[in-house]
Structures are given as C-alpha cells and as structure tokens.
Amino acid sequence: MTKIIGISGSLRRGSFNSALLRAAAALMPLGVELKIESIEGIPLYNGDVEASEGIPTRVAELKTAIAEANGLLLATPEYNNSMPGVLKNVIDWLSRPASDIPTVFGGKPVAVMGASQGSFGTILSQNAWLPVLRTLGTKPWFGGRLLVSRAHSVFDEHGSLKDEAIGKQLERFLNGFAEFVKA
Ligand SMILES: Cc1cc2nc3c(=O)[nH]c(=O)nc-3n(C[C@H](O)[C@H](O)[C@H](O)COP(=O)(O)O)c2cc1C
C-alpha cells in the first residue's frame, strides 16, 4: 500500500481546503491511501520553547508520519496572495531540528493543491510554496495543477464536492501524483 499524508492549511471548521482533501481521500486510486493529518493545536514556532521543551508532541508525531509516508499532499489556502501563516508555521516546526530535514522531507514527493473563494484558485499561494519545498529538499510534483476557484460554489453546505468537472480534475491530479509517488 502506498501511503500519502494529506495536510490542510486551514483550521476553519467549514474549510474548503479541508473539504478538498476529504474529497481527495475518497478518490485516491486503488492501492494508495491518503491519510489526513490535523494541524490543530500546533503552537506558534518559538525558538525559546524549542530550546527549553523541545519539539511539541503533535509536531513530533507529524514528522514521523511524513517520514514514514511515500508522499505528502498539501491543500493550501491563499492569504494575501501567498501561503497562510498557519500552514507555514507548521512546516517551520516540522523542519526542526534542521538535522532532521533530510529524514522528514529529503526527496519526498510533494504535491500542492488549493481552493479559494477568488478567481485564481490559490495560484499565488501555490507558487509561494515552491522556494520552501526546494529549501527542504523535497521532490515536488509538477505534472499537474489543481486550482479550485470560487470554492463556495464547488462544495455543498456539508463540504461535499458537488462540481463534477472539478471532481474529474481532482481524480486526474491524484492519479498523476500517485504514479509519481510510486515511480
Ligand atoms: C487573511 C485572508 C486573506 C485572504 N487572501 C486571499 C487571496 O489573496 N486570494 C484569494 O483567492 N482568497 C483570499 N482569501 C479568501 C480565502 O480564499 C477564503 O477565506 C478561503 O475560504 C480560505 O480557505 P479555507 O476555506 O480552506 O479556510 C483570504 C482570506 C483571508 C482570511
């Protein structure tokens, strides 16, 4: 079984990015599992806390989960034409101590997708992640793109994907990433 860890960069209960990730979990190709991991409760990075207390338990758990997985799928919101601080903070914690970066992120296949209420579907946020993914030594997948714009009309009030065309795009995106992860 190929295992991919999925992380949504939004803490909002009605998050469209979390909804997109749930839809992705349901559409994964046979033999590939998308395990959605929560970022709830991860504190703001503070070097003093790291020095005195070490890595928070939830961060340590996530580091292990990513290190053991075959790939990582980020569902990122776009805030002010860039990535949200909430998710950047998590990735920053996950990159500590720096000596663990190769184990957690080195050569790790990573795909980025996102949903926004605007017209451009997180394109600038997805671009903003590129230097971060490069710095961490990941293996980003560039074989497909998923930019979900006007997300409020793509999901129903329960957070289920109702737009068939986006569903097909998502399926294609996941199949492509899964092939990349398995290669
Ligand atoms: C601080 C802030 C900045 C935002 N900036 C953008 C933006 O630059 N582009 C965009 O398309 N949407 C922007 N939005 C709207 C988000 O796309 C929308 O809130 C979206 O639902 C967030 O993702 P979520 O549903 O997963 O929480 C912004 C929202 C917030 C709160």
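Start by selecting Ser15 and the ligand: a polar side-chain atom of Ser15 sits 2.6 Å from an oxygen atom of the ligand. Keep in mind as you click around that this is a predicted model.

Now add two more residues to your selection. The side chain of Arg12 has an N or O atom 2.7 Å from a ligand oxygen, and Asn17 brings a polar side-chain atom to 2.8 Å from an oxygen atom of the ligand. How much of the ligand does the protein bury? On its own the ligand would expose 620 Å², and the protein buries 71% of that.

Next, show everything around the ligand. There are 13 residues, and the ones that come nearest are Ser10, Arg12, Ser15, Asn17 and Asn81. Try colouring this shell by class: you should get three nonpolar, eight polar and two charged residues.

**Along helix 1**

Stay with Ser15 for a moment. At the start of helix 1, a side-chain oxygen of Ser15 reaches to within 3.1 Å of the backbone nitrogen of Asn17. Then select the whole helix, residues 16-27. Helix 1 has twelve residues and runs 16 Å from first C-alpha to last, close to the 16 Å expected at 1.5 Å a residue.

Which residues of helix 1 are buried? Pick out Phe16, Asn17, Ser18, Ala19, Leu20, Leu21, Ala23 and Ala24. To see what covers them, switch on the neighbours, including strand 1 (2-8), strand 2 (32-37), strand 3 (71-75), strand 4 (109-115), strand 6 (147-148) and helix 7 (164-182).

**Over to Ile55**

Jump to the loop between helix 2 (47-53) and helix 3 (57-68), where you'll find Ile55. Ile55 counts as partly exposed because its relative accessible area is 23%, and that label covers values from 20% to 50%. Leaving out neighbours within four places in sequence, Ile55 is in contact with Glu50, Ala60, Trp93, Arg96 and Pro97. Draw a distance line to that proline: the C-alpha atoms of Ile55 and Pro97 are 8.3 Å apart, though 42 residues separate them along the chain.

**Last stop: Gln126**

Select Gln126 in helix 6 (residues 123-135). Is Gln126 buried or exposed? Its relative accessible area is 8%, so Gln126 is buried, the cut-off being under 20%. Look at what its side chain is doing: a polar atom there lies 2.9 Å from the backbone oxygen of Leu146. Finish by showing what else Gln126 touches: not counting residues up to four places away in sequence, the list is Thr76, Val112, Met113, Gly114, Gly121, Leu146 and Leu147.

Methods
Residues are numbered from 1 along each chain as its sequence is written. This is a predicted model: local features need pLDDT of at least 70, side-chain atom pairs count only at pLDDT 80 or more; totals for chains, interfaces and linings use all residues. Side-chain values use heavy atoms; hydrogens and water are left out. A residue is near a molecule or strand if one of its heavy atoms lies within 4 Å of it. A polar contact is a pair of N or O atoms within 3.5 Å; within protein, one must be able to donate a hydrogen and the other to accept it, and residues adjacent in sequence count only if both atoms are side-chain atoms. Accessible areas come from the Shrake-Rupley method with a 1.4 Å probe; for residues, only the protein chains shown count as cover. Ala, Val, Leu, Ile, Met, Phe, Trp, Tyr, Cys and Pro count as nonpolar, Asp, Glu, Lys and Arg as charged, and the others, Gly among them, as polar. Helices (H or I, at least four residues) and strands (E, at least two) are DSSP runs, numbered from the N terminus. The expected span of a helix is 1.5 Å times one less than its number of residues. Buried means under 20% relative accessible area, exposed over 50%, partly exposed in between (1.4 Å probe, protein chains only). Contact means heavy atoms within 4.5 Å.
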